[in-house]
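Me: Please take a close look at one part of this model, the sheet and what packs on it. A connected account would suit me better than a list.

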Amino acid sequence: GASGMIGTEVAAKSAPDGYTLLVNTVPFVTNQLVYGKAPYDPIGDFAPISLLASVASVLVSHPALPVNSMKDLIALARAKPGAITYGTAGAGTNPHIAGELLNNLAKIKLVAVHYKGGGPATISTLSGETQLYFVNSLPDALPFIEAKRLKALGITATRRNPAAPQIPTMAEAGVPGYEFVTWQILAAPKGTPATIIATLNEKVRSVLKTPEAIKRWQ
């Protein structure tokens, strides 16, 4: 909740014993810019353990929106500025930043509608309450795309994903220079002993190198 601030504050105030850890992404640092002050210091209150993954999003649209490509979307958005909405998981979250980057590069005006998390935001686009959504990862989006409940317009990485090579990158689809790849990190409360941090880092790295993990995270 609150763009991750509730859970992050709990983690920051937890005992630094290696048993309470934090997994977080971009709002971990952007919350302070969006809300003015966050109830934690991303640098001062945490000890980094490991980078977990870099993840590209997928821009999807409700089938009722009369577009089949990014070029269609840009043309419609320019013809009707402020008329097309996209859902977000909250102000300053990954989908919000991805949408504002699109507005900036494509010179259009999509309107952000903020929800209390990614689940409600996804449901809003599935139901047609909003027209667009940046799904945080391709595996989350594919079942809806394959069922034709959502249309894929572009992936936010600089290269196509082998799991869905038919989906163009945003740059290929008509937005030169567009790239939005988020990170996932693992951290511990400040004061966690260095030996614990080192052990956790070693274990996480070894797991991420296994074939099972690589296949699951692709």
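Reply: Helix 4 (residues 94-106) lies across strand 3, strand 4 (85-88), strand 5 and strand 6, with contact meaning heavy atoms within 4.5 Å. Its direction is at about 150° to strand 4, where axes are lines fitted to C-alpha atoms, for helices over the stretch in contact, and angles run from 0 to 180 degrees between N-to-C directions. Helices (H or I, at least four residues) and strands (E, at least two) are DSSP runs, numbered from the N terminus.

The model is predicted: local features need pLDDT of at least 70, side-chain atom pairs count only at pLDDT 80 or more, and totals for chains, interfaces and linings use all residues. Residues are numbered from 1 along each chain as its sequence is written, and side-chain values use heavy atoms, with hydrogens and water left out.

The sheet beneath these contacts is open and mixed, with 5 strands in the order 5-4-6-3-7; two strands pair if DSSP finds at least two bridges between them. Strand 5 (111-114) and strand 7 (151-155) are at the edges with a single partner strand each, so one side of each has no neighbour in the sheet. On average, neighbouring strands are turned by 30° against each other, direction ignored.

Strand 3 (residues 58-61) and strand 6 (residues 132-135) run antiparallel and are joined by 4 bridges. V58 stands opposite V135 in strand 6. Helix 6 (residues 138-146) lies across strand 3, strand 6 and strand 7, at about 25° to strand 3.
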